[in-house]
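Q: I have a model open and want to learn how to read it. Where do we begin?

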Amino acid sequence: MSDWKKSVTPMVFPGKIAVPYTWTVGSTLSKFYCELRDNGKIWANKCPSCGTVFVPPKVKCINCYRDPNIWVELPGTGTVESYTIVRYEEPTLHPRKAPFVYGLIKMDGADTCMVHFIDEIEPEKVKVGMRVEAVFSENREGNILDISHFRPIK
Amino acid sequence: MGKRVGIVGVGQTHHASQRLDASGVELIAEAVTRALDDAEITIKDIDAVVIGNMDHFENINYVDMWAVDGLGAVMKPVFKVTTGGTTGTTIAACAFYTVASGLFDVVLAVGWEKNSESDTQAAVATCANPVLERDFFAGAIGPLATEYSMYMKAYGATEEDAAIVAARERNNALNNPYAHVRQAVTVEDVLKSPMLSYPIKFLDMCPRSDGACAVIFAVEEKAKKLCPRPAWIHASVVRHDYTHFGDLEWTFMPTLERASAEAYKLAGITNPLKEFDVAELYLPASTCGVKWMDSLWFCDHGEAPKLIRKGVFDMDGELPVNPSGGVICTNPIGATGLIRVGEAAWQIMGRAGARQVENVRRALVTGFGGCSWSDVIILGADLP
Amino acid sequence: MERVAIIGVSQTKYTQNNPLSFAELVYQVTTAALEDAGITISDIDNVVSVSSDFWDGRTISSMAISDASGAYGKDITTVEGDGTFGALYGLMRTLSGSFDTTLVVAHHKGTESNMRGITNTAFDPLVERKLGLDAISSAALQARRYMTKYGLKEEQFALVSVKNHGNAMRNPLALFPMEITVEDVMNSRRIADPLKLLDCSPVTDGAAAVILATEHAAKKLVPPQKCVWVKGVGHCADAFRLGDRDLADTRALTAAAKRAYSMAGIQDPGREIDLAEVYDAFSYMETLWLEGLGICPEGMACEHLERGRFDFTGPLPVNPSGGRLSSHPVQVAGLAELVECVLQLRGEAGDRQVEGARTALAHGVNGMCGQSHCVWILGK
């Protein structure tokens with residue numbers, strides 16, 4: 001009954017979902033990105049109830065569900081909690097050429113880490129516990145790449 | 001046997017064509033906060049969360065994971081359901097079954113969409129089979145226009161019948177502070193509006209909106225403590241049809257007929273037109289508000305225009321349909337079906353403000369989507 | 001909780017570049033699960049489909065397979081996420097009193113998709129997505145955090161890969177059965193330090209299905225040996241951004257497991273569970289999750305692994321199927337674990353049968369770096 005299948009050459013059609021997107025940044029992150037773009041400063045927000053400080057800033061405190069409506073400017077320094085050396089190329093996604101380093105950086109003055117690039121150091125020399133500071137891009141557009149990368153504090 | 005379940009709180013955002021002030025997570029937080037306030041509980045009282053939307057409208061994968069901040073769902077059980085246009089009613093059904101199972105007592109259901117973030121038609125078009133149908137029949141308006149043309153031809157329904165529905169719903173929305181489009185219109189305004197796809201005109205058709213809706217479901221014992229008049233769930237039925245548009249029946253909607261017949265049976269309803277006090281129906285175009293009335297067993301096939309012209313579905317008629325203004329006034333797609341549930345629940349709870357229908361004891365809710373998919377939910381002021 | 005049984009199961013052979021369409025895959029496992037149970041599609045009251053609009057490249061992904069799952073004229077719904085969550089919703093629908101039998105079916109064709117692009121979309125378009133993160137680079141951050149916290153080594157994680165690919169040699173359905181050594185793993189191509197090729201699961205195509213039934217329906221429809229009982233289930237999600245939590249802290253998993261154990265009356269999971277299928281999307285995840293499941297104290301799973309505790313011939317075999325490292329069809333994976341547990345508990349697991357298995361654990365994950373977990377306890 002299914003013998004006819006044996007003579008079929010399977011076909012494949014290529015396709016792509018070509019839907020352009022415009023994401024609303026919203027009030028919380030707009031404030032964050034405006035400070036980043038216009039002043040080269042990293043701001044966090046803080047929950048008035050439990051005091052947790054979030055960067056990037058949050059819409060609601062993840063512990064209390066209160067509005068973290070206290071804004072705090074951060075010094076832009078931090079400690080590397082984890083990192084990875086990415087060795088594969090993915091030009092449609094990666095703003096950098098491999099090998100490059102992603103770091104999970106515990107930000108001074110905040111209770112959370114930020115993920116970003118670590119540069120100005122050989123990838124193999126990056127260590128957990130290193131002290132790093134944010135380096136801002138020359139041309140800032142109001143997104144996470146306004147921070148170019150983090151570099152070791154000398 | 002399953003537990004009995006009631007809705008104890010509802011929250012909605014003020015829906016708009018584009019909420020520039022609020023990201024998706026912020027919209028969700030708004031609706032959830034309002035629902036918690038409506039139910040007079042805190043996030044600590046929520047035992048589990050279910051969320052839904054249509055992925056390709058915002059291009060966010062694992063939306064349940066992405067939304068946890070706004071949902072208050074960190075360190076809570078959460079997952080996502082999605083079924084296209086019926087997503088909103090699918091979310092409601094999921095919350096219902098979650099509580100009815102006895103595994104969770106108080107469940108938060110959230111539906112949302114920021115249709116402003118993408119080209120709605122382009123995204124919807126991806127539901128058509130890419131090999132067979134996507135190139136020439138995709139999108140929402142084409143199929144709806146086709147079905148009403150066939151209905152007009154079969155039974156003599158007119159464009160004016162649809163325009164009466166459009167004007168009725170748009171004028172109803174003036175009483176709904178949450179509605180996206182709030183604009184007084186006459187039947188003539190509708191008939192004169194630009195043609196989109198014969199015979200559907202601009203004012204016959206739903207908008208695309210940014211918005212979110214949150215509904216809180218609770219198990220019987222808790223619902224009674226939390227709410228003076230919970231909206232009890234009497235039935236939830238889903239019937240889907242074939243995958244390809246070309247396979248469907250076009251002069252009536254078999255899925256809606258089967259789903260509603262089954263739901264009426266479960267809820268003990270024998271004369272829906274008389275026994276329901278209000279209906280919040282998923283009508284993406286005014287033409288649906290004509291043709292689909294047949295398939296809800298309100299009348300024989302082809303007889304709906306008579307009921308419409310008699311004003312049966314007006315606010316002061318026998319069965320007010322869409323006091324909220326319905327889908328043609330507000331359509332954040334992942335939320336739209338859930339908004340029907342929320343609005344119907346508020347009608348029973350007596351919290352529908354200026355659009356409140358008197359003495360609502362039973363409410364009918366429908367969801368629609370995809371390939372003629374139909375969801376029917378029945379709510380009641382009394383325990384089932 | 002009222003008693004619910006899994007009465008029928010099926011899964012495809014896991015392959016790459018599978019020529020079957022999604023609908024054909026779903027049809028295949030649906031008919032096979034019905035056959036396994038010895039029932040027909042008319043005995044199924046409702047369907048839960050597990051699918052993803054992203055991986056299927058279309059909106060309303062379940063629309064393409066609803067016919068194939070026999071859902072015409074039935075109540076159907078769709079969960080987007082791992083199969084364990086889909087099965088959980090199926091369980092709740094079965095317990096609700098509305099349905100006596102529920103078919104849960106999952107499908108996935110990883111090789112038809114762009115895995116990196118799709119996992120990148122799990123990240124916030126407003127923040128991390130622009131950095132180009134995907135499943136692998138984020139997992140690498142978690143792996144190193146875990147290593148730092150407990151002083152673990154890549155060689156220890158490599159043992160997971162050796163064990164699981166080796167276990168897959170006994171599973172005719174697995175995609176990558178392999179006899180490899182720790183050295184093979186250590187020498188495999190570095191992808192995102194500390195993850196190497198053999199630390200990572202493969203892109204896979206496949207489908208799976210399970211049929212749930214209330215106790216009274218199960219008694220009517222199938223003989224007792226087909227029934228495997230759901231003893232407990234729990235699910236829980238942690239925070240979203242990678243930086244919001246300690247990636248080596250498995251508190252959400254622990255909470256999910258606690259609920260499942262409590263329902264199942266399990267007090268000492270390490271002793272009371274006979275086998276576990278755990279979500280090893282990457283080698284380090286197996287040991288991390290075993291700790292979160294309370295099967296080992298924190299930081300100790302690698303040592304237990306080294307001592308052979310989780311070997312196929314050990315006291316608590318983990319991933320006797322070969323695990324996700326051998327076959328990883330996303331969304332399907334958790335459902336495939338449930339299938340494996342059912343086969344094991346029925347004594348139908350062939351060469352990979354764990355002797356005397358009476359209690360099994362299945363574990364699924366949603367989101368990046370195991371943000372959300374679902375834990376199942378099944379028993380005979």
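A: With burial in one chain. This is a predicted model. Of the 154 residues of chain A, 36% count as buried.

Q: How many helices and strands are there in chain A?
A: Chain A has one helix and eight strands. Their order along the sequence is α-β-β-β-β-β-β-β-β.

Q: Is chain A spread out or compact?
A: Compare the radius of gyration with the globule rule. For 154 residues the rule gives 15 Å; chain A comes out at 21 Å, well over that, so chain A is more spread out than a compact globule. The principal axes add detail: the C-alpha trace of chain A spans about 70 × 40 × 30 Å along them.

Q: What part of the contacts in chain A joins residues 24 or more positions apart?
A: Count contacts with a separation of 6 or more. In chain A, 50% of those are between residues 24 or more positions apart.

Q: Now the interface. How many residues do chain A and chain C bring to the contact?
A: A general point comes before the count. Interface size is often quoted as the accessible area lost when the parts come together. Here we count residues: 32 from chain A and 29 from chain C.

Q: Which strands of chain A each supply at least two residues to the side that touches chain C?
A: Strand E4 (77-86), strand E5 (100-107) and strand E6 (113-118) each do. E4(A) gives the largest share, six residues. By class, that side of chain A has 21 nonpolar, eight polar and three charged residues.

Q: How do I check a helix, say H5 of chain C?
A: Compare its expected span with its end-to-end distance. H5(C) covers residues 135-150, 16 residues in total. At 1.5 Å a residue they should span 22 Å, and the end C-alpha atoms are 23 Å apart, which agrees.

Q: Is H5(C) mostly covered or mostly open?
A: Mostly covered: 13 of its 16 residues are buried. Look just past its end as well. There, C:Gly151 takes a positive phi of about 70°.

Q: Last, a single residue. Where is B:Val181?
A: B:Val181 lies in the loop between helix H8 (159-172) and helix H9 (187-192) of chain B.

Q: Why does B:Val181 count as buried?
A: Because B:Val181 has 20 C-beta neighbours inside 10 Å, and the cut-off for buried is 20 or more.

Q: Which residues is B:Val181 in contact with, leaving aside neighbours within four places in sequence?
A: B:Arg170, B:Ala173, B:Pro207 and B:Cys329. Also check B:Ser209, 28 residues from B:Val181 along the chain: their C-alpha atoms are separated by 9.3 Å.

Technical notes. Residues are numbered from 1 along each chain as its sequence is written. Chains are lettered from A and ligands numbered from 1 in the order in which they are written. This is a predicted model: local features need pLDDT of at least 70, side-chain atom pairs count only at pLDDT 80 or more; totals for chains, interfaces and linings use all residues. Two residues are in contact if their C-beta atoms, placed from the backbone, lie within 7 Å. Helices (H or I, at least four residues) and strands (E, at least two) are DSSP runs, numbered from the N terminus. Ala, Val, Leu, Ile, Met, Phe, Trp, Tyr, Cys and Pro count as nonpolar, Asp, Glu, Lys and Arg as charged, and the others, Gly among them, as polar. A residue is buried if 20 or more other C-beta atoms lie within 10 Å of its own, exposed if 12 or fewer, and partly exposed in between; C-beta atoms are placed from the backbone. The radius of gyration is taken over C-alpha atoms; the globule rule is 2.2 Å times the number of residues to the power 0.38. The expected span of a helix is 1.5 Å times one less than its number of residues.
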